[in-house]
Amino acid sequence: AGSGPELHIKTPLLESIPMTKVAGCPVYIKCDNMQPTASFKIRGIGLRCKKALEAGYTRIISSSGGNAGYAAAYAARQLGMPATVVIPESTSKFMADKIRGLGADVIVHGKVWDYANEHALQLAKEDSSAVVIHPFDHPDIWEGHESIIVEIQDQLHGKKPDVVVTCVGGGGLLCGVVQGLQTVGWGDVPVVAMETFGAESFNAAVKAGKLVTLPDITSMCKCLGALQVSPKCLEYHSKYPILSCVVPDKDAIGGCLRLLDDHRILVEPACGAAVSAVYSDVLGELRAEGKLPKKLGCVVVIVCGGGAINLQMLLKFKEDCNL
Ligand SMILES: COC[C@H](NCc1c(COP(=O)(O)O)cnc(C)c1O)C(=O)O
C-alpha cells in the first residue's frame, strides 16, 4: 500500500546456533534491529506516515517512548514532511538527540509516554494540517508490521514455525504479528508475548479479562512503557493462541547480554525480554505446562531491536541487575 518504495528494509532471518543449543530445538531470529531506525517500528510507522501524506496531511506529530518517534522522524524526512516528536522524561537524552538528528523538533512532556501522547494530541488540535502518529494503536501500524511475518514465511522456505516469540509494549507489534500470521495462513501458530514486571500492561489485562491501566512503569524496559495496551490486543487474545509471559528485568538484561555475546547484536532491554524466552527458558516452562507442544521443530524470535541503547548503557543495566 502507498506509492513509492517502502521505508523499511527486508531483514535477515538467521538460524541461531547458540539459541538452538539453549532451546534444544531450531531457533531463528528475525533481525529487525537492522532496520534504518534500529527497530521494527519503521514497518508500521512508515506505512502510517505514507498513508497520512496521501490523505493530505503535511505535518507529522508523533508521540513515543523513543523508537516510534525515531521511526516517525525518519519517515517524515524520507517523505519530505516536517515532524514534531513528543517524548516523556523517561526517554534518554541519547535517544532524543538521535531523533533531533533526523531534523525533527523534539518536545519532552510528562513522566511516561501516556502524558506525552496527551500533549501530542493537544498540539494537533492547533494545526489541522498535522496528523498524530500513535506509536502502537492504529490499523495502518498493525498492517505495516504484518510485513515482518510475510518476510519470515518467505525466508523459512516452506517450514512452518511452531511458535513465534515477540514482546509487548502497547501491543502494536503483537497485533501486527497476529495479523501477519493470519495473512500467511499460519493462524494456528501460537505467539508468546513477552513483558517485564513493572511494564506488564498486557498480562494485567489478560488476567483481569479487561483493559488495565498500570499505576506507573517501574521496569527498566522503558520502551515497553505503555500504562495500557491497545484494546485490539485483548480482542486478538480472545480469538488467537497468544501466551502472555512476564520476566523480571534481570532476565531481559541477561537476554541483551547473551544476544550481544552470541550474535554481536546490541538491543534494548525490551528486545532482551523477547530473547529471554529462550535464554531464561520460558519456552521450556510453557512446554512443561502443556501450553506449547513438547517437541518444537521451529521457533522464531522477533529481535525487535531498539535505538536507545549503547554499550555504556547496557553495562550500567548489567551493574544495576548485579549480573
Ligand atoms: C512506550 O514506548 C512505546 C514504543 N516502543 C515500543 C517498543 C516495543 C513494543 O512495541 P509495541 O508493543 O508498543 O508495539 C518493542 N521493542 C522496542 C524497541 C520498542 O521501542 C515507542 O517507541 O513509542
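**Figure 1. The ligand occupies the largest cavity.** A cavity is a set of points on a 1 Å grid over the protein atoms alone where a 1.4 Å probe fits but cannot get out, and a molecule sits in it if more than half of its atoms lie within 2 Å of its grid points. The model is predicted, with pLDDT of at least 70 needed for local features and 80 or more for side-chain atom pairs, whereas totals for chains, interfaces and linings use all residues. Residues are numbered from 1 along each chain as its sequence is written, and side-chain values use heavy atoms, without hydrogens and water.

**Figure 2. The shell around the ligand comprises 24 residues.** A residue is included if one of its heavy atoms lies within 4 Å of the ligand. The closest are S64, G65, G169, G170 and G171. Helix 3 (67–79) and helix 8 (172–183) each contribute at least two residues of this shell; helices are DSSP runs of H or I with at least four residues.

**Figure 3. Polar contacts join the ligand to S64, G65 and G170.** Such a contact is a pair of N or O atoms within 3.5 Å. Oxygen atoms of the ligand lie 2.8 Å from a polar side-chain atom of S64, 2.7 Å from a backbone N or O atom of G65 and 2.8 Å from a polar backbone atom of G170. The protein covers 100% of the 520 Å² of accessible area that the ligand has on its own, according to the Shrake-Rupley method with a 1.4 Å probe.

**Figure 4. W113 and F136 form a tilted aromatic pair.** Their ring centres are 5.1 Å apart and their planes stand at 55 degrees. Rings of Phe, Tyr and Trp (its six-membered ring) pair if their centres lie within 6.5 Å; planes under 30 degrees apart count as stacked, over 60 as edge-to-face and the rest as tilted.

Terms used
Polar contact = N/O pair within 3.5 Å; in protein donor to acceptor, adjacent residues only side chain to side chain. 1 Å grid on protein atoms, 1.4 Å probe; cavity = no way out; pocket = protein on both sides within 12 Å on 5 of 7 lines; lining within 4 Å.
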